[in-house]
Amino acid sequence: MPSDHGFEGKDFPGYGYPFFLFKEDAGPRLDNDYYEYLVENGYGVPTLDDTYDTYLQDQPLRCTVMLHGRQSGPVEASIPYFVAQEGIELIRRFSERKRHDGLPFYTQINFWGPHNPCFIPEPYYSMYDPVEIAEPAAFGEDFSGKPTVHKRHSLFRGVYGAPWSFWQEHLAKYLGYCTLIDDQVGRIRAELEASGEWENTIFVFSTDHGDMMGRHQLIDKGPFMYDDTYRVPLVVAGPGVRQGRCDEFAYLHDLFPTFLGWAGAEPPQEIDLAQSLRPLLAGEAGWSPREEVFCEFDEQAYPMPQRMVRTAAHKLVFNAADICELYDLERDPHELDNRIDDPAYREVKHDLLERLLAYQRATGDPETRRLEAIHWAL
């Protein structure tokens with residue numbers, strides 16, 4: 001728990017939504033901080049209606065998923081509002097303390113969403129018109145030349161073969177969820193401005209993964225290394241941070257030495273692949289540009305080791321138990337055509353394989369020997 005390591009604020013054990021939103025017959029958990037917040041503010045325990053399940057209702061062995069539902073009650077009774085309010089209370093407390101002792105503070109506010117299932121209140125639930133959401137090119141996936149696990153995962157998640165109209169309904173709710181989170185981030189910024197802390201605060205917004213949302217007939221994250229799940233937002237604002245878009249390759253774990261540097265602390269000598277973003281954000285010398293990034297995946301719901309190396313122009317995915325993938329991102333930005341066996345890409349493939357093996361060896365990756373064993377065949 002964060003409080004076990006000196007952090008102030010409430011601990012939120014477990015994963016996802018509070019238990020009582022999933023089990024109608026279980027009743028609310030009285031030890032849940034969110035439930036206590038509802039009671040203290042006179043809100044009823046939220047219920048769900050207009051729920052929307054996965055497309056395949058009777059697919060054997062599928063993972064049952066409720067995709068979205070309208071949460072009763074006002075916005076103030078929603079979980080994102082509650083999380084933002086907890087963060088605002090911490091900012092008020094730390095800002096007041098700073099006026100007395102002059103010490104800076106660090107606050108981390110973690111929203112669970114936007115994420116499936118999308119349980120959100122009005123007006124966000126009906127904010128977007130499904131018919132206005134355009135079909136993406138990647139929705140045209142037919143799984144030809146792709147790893148078998150992709151189609152199987154689509155079946156497992158209960159969305160295989162779903163028409164675009166199915167996804168439009170769900171995406172409208174997902175966009176509402178995104179807007180709900182955006183508004184809560186706006187409340188946090190407003191509190192920083194009201195407390196006089198905004199001008200000397202470095203504000204970082206990011207997320208842990210993306211979501212397929214119908215692209216390649218897939219949902220959520222899983223045993224597929226498409227940009228839809230691996231390319232995540234990273235927005236930084238504050239003193240010493242230049243404005244504008246940056247197309248440099250960066251990792252989320254770059255934030256670790258970055259935060260330590262801002263706090264005046266030295267990062268550990270050995271951090272796999274990470275470097276501080278401070279010189280890049282400030283437009284100063286000291287940033288080492290990356291020609292590629294290396295990514296790992298081992299399992300979600302079931303084991304499926306995967307490794308990826310991605311440059312600006314190409315992506316190679318090593319699937320330990322399936323066919324591998326090679327995409328020309330300039331000609332095929334939607335990653336529909338697997339070029340792993342295309343003779344025209346032989347030199348590109350072998351260059352990326354060498355880069356991938358170099359990263360695996362440098363990080364002590366246990367999958368290194370498996371790729372070395374089949375490297376000659378690829």
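These legends walk through several close-up views of a predicted model.

Because the model is predicted, local features need pLDDT of at least 70 and side-chain atom pairs count only at pLDDT 80 or more, while totals for chains, interfaces and linings use all residues. Residues are numbered from 1 along each chain as its sequence is written, and side-chain values use heavy atoms, with hydrogens and water left out.

**View 1. Helices α2 and α4 run roughly parallel to each other.** Here we look at helix α2 (residues 79–101) and helix α4 (residues 164–194), whose axes come within 10 Å and cross at roughly 15°. Helices (H or I, at least four residues) and strands (E, at least two) are DSSP runs, numbered from the N terminus. Axes are lines fitted to C-alpha atoms, for helices over the stretch in contact, and angles run from 0 to 180 degrees between N-to-C directions. Angles under 35 degrees count as roughly parallel, over 145 as roughly antiparallel, 65 to 115 as roughly perpendicular and the rest as oblique. The crossing of α2 and α4 is right-handed, meaning that the near helix is turned clockwise from the far one by less than a right angle. Contact (heavy atoms within 4.5 Å) involves P80, Y81, A84, Q85, I88, I91 and R92 on α2, together with Y177, L180, I181, Q184, R187, I188, E191 and L192 on α4. By class, this contact has 10 nonpolar, 2 polar and 3 charged residues. Ala, Val, Leu, Ile, Met, Phe, Trp, Tyr, Cys and Pro count as nonpolar, Asp, Glu, Lys and Arg as charged, and the others, Gly among them, as polar.

**View 2. Helix α1 meets α2 roughly at a perpendicular.** The axes of α1 (residues 33–40) and α2 come within 11 Å and cross at roughly 90°. From α1, the residues D33, Y34 and Y37 meet I79, Y81 and F82 of α2. This contact divides into 5 nonpolar, no polar and 1 charged.

**View 3. C118 sits buried in strand β3.** The strand covers residues 118–120, and C118 has a relative accessible area of 0%. Buried means under 20% relative accessible area, exposed over 50%, and partly exposed in between (1.4 Å probe, protein chains only). Not counting residues up to four places away in sequence, C118 touches Y17, L67, H68, G69, H170, K173, Y174 and Y177. A disulfide is a pair of cysteine sulfur atoms within 2.5 Å, and the count comes to 0. The closest cysteine sulfur to that of C118 belongs to C178, at 7.8 Å, too far for a bond. C324 is in no disulfide either, with the nearest cysteine sulfur, that of C295, 15 Å away.

**View 4. Two cis peptide bonds can be found by following P114 and P117.** G113 and P114 are joined by a cis bond with omega about 0°, and the bond from N116 to P117 is cis with omega near -5°. P114 is in the loop between α2 and β3, as is P117. Most residues other than glycine have a negative phi, and most peptide bonds are trans.

**View 5. L273 and E335 each have a positive phi.** L273, not a glycine, has a phi of about 70° and lies in the loop between α6 (255–262) and α7 (278–282). L273 is partly exposed, at 27% relative accessible area. For E335, phi is near 55°, and the residue is found in the loop between β9 (325–328) and α8 (346–363). E335 counts as buried, at 2% relative accessibility.
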